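Visitor: I should like a close look at a single part of this model. Please take one residue and then describe the element that holds it.

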Amino acid sequence: MLSTVPAIISSNPMMESDPFPSLQSAWDCSQLFSTTQSVGPARSGSASTELNQTQTQTHSNSGLDESNQTLFIIDERKRRRMISNRESARRSRMRKQKHLENLRNQANPLRIENRQLTYRLRFLLYHCHRVRTDNDRLRSESTLLRQKLSDMHQNLLFKQLQQFSSAWPCNNVTVMSEKIPPPLII
């Protein structure tokens with residue numbers, strides 16, 4: 001089957017002439033590949049400089065003109081800037097992540113301390129409420145006891161007054177007062 005293909009191509013008169021006459025001019029393929037040639041990642045130090053010098057020598061040997069060289073230099077700068085920006089963004093993300101982790105580590109003990117202080121505050125508020133309640137109860141009890149003491153004091157004075165007035169023989173009023181108890185003076 002392979003042997004029939006060359007016979008068909010050679011027998012066709014249209015194929016004997018060049019099918020692409022416009023491409024017969026001199027065309028250097030190295031120009032085509034030199035501008036789109038992929039370059040490895042940028043290296044620091046002399047290795048990057050050696051790589052750039054080698055690429056520059058290759059380009060100058062291949063016959064590139066100055067406009068292509070400037071385009072290559074601009075592309076190279078863009079590529080380096082892009083790599084540098086990516087690296088900077090990666091470092092920024094790492095710093096942000098480290099800072100966030102640091103804040104989380106600081107927040108955990110603060111949450112625990114806040115919870116403990118909240119419990120202590122509740123405990124103190126509860127006891128303060130109990131003390132106030134007891135204090136109010138004791139005040140009302142004190143007021144009641146004072147009133148009882150005052151009443152007892154008045155009764156005692158009244159009895160002393162009755163005893164003093166009954167000691168006088170000419171006082172007949174005392175006999176009547178013994179029958180009707182006097183009203184309490186408040």
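Guide: Arg79 counts as buried, because its relative accessibility of 17% falls under the 20% cut-off. This is a predicted model, and Arg79 is placed in helix α5. The side chain of Arg79 makes a polar contact of 2.5 Å with the side chain of Glu76, and the two side chains also meet in a salt bridge (2.5 Å, N to O). Glu76 and Arg79 are three residues apart in helix α5, so about one helical turn separates them. Glu76 is likewise buried, with a relative accessible area of 8%. A network of salt bridges links Glu76, Arg79 and Arg80.

Helix α5 covers residues 66–166, 101 residues in total. From first C-alpha to last it reaches 144 Å, close to the 150 Å expected at 1.5 Å a residue. Its buried residues are Phe72, Glu76, Arg79 and Ser165.

Further along α5, Arg139 forms a salt bridge with Asp136, with the closest N and O atoms 3.9 Å apart. Here Arg139 is exposed at 53% relative accessibility, whereas Asp136 is partly exposed at 47%. Glu141 and Arg137 form another salt bridge, their closest N and O atoms being 3.5 Å apart; these residues lie four apart in helix α5, and thus about one helical turn from each other. Glu141 is partly exposed at 38%, and Arg137 is partly exposed at 45%.

As to confidence, α5 has the highest mean pLDDT among the elements of the protein (93), and helix α1 (residues 4–11) the lowest (46). Over residues 1–16 the pLDDT is below 50. Where pLDDT is low, the predicted coordinates should not be read in detail.

Technical notes:
Residues numbered from 1 in each chain as written. Predicted model: local features only at pLDDT ≥ 70, side-chain atom pairs only at ≥ 80, totals over all residues. Heavy atoms only, no water. Helix = DSSP H or I, 4+ residues; strand = E, 2+ residues; numbered from the N terminus. Expected span 1.5 Å × (residues − 1). Buried < 20%, exposed > 50% of the residue type's maximum accessible area, 1.4 Å probe, protein only. pLDDT = per-residue confidence, 0-100. Contact = heavy atoms within 4.5 Å. Polar contact = N/O pair within 3.5 Å; in protein donor to acceptor, adjacent residues only side chain to side chain. Salt bridge = Lys/Arg side-chain N within 4 Å of Asp/Glu carboxyl O.
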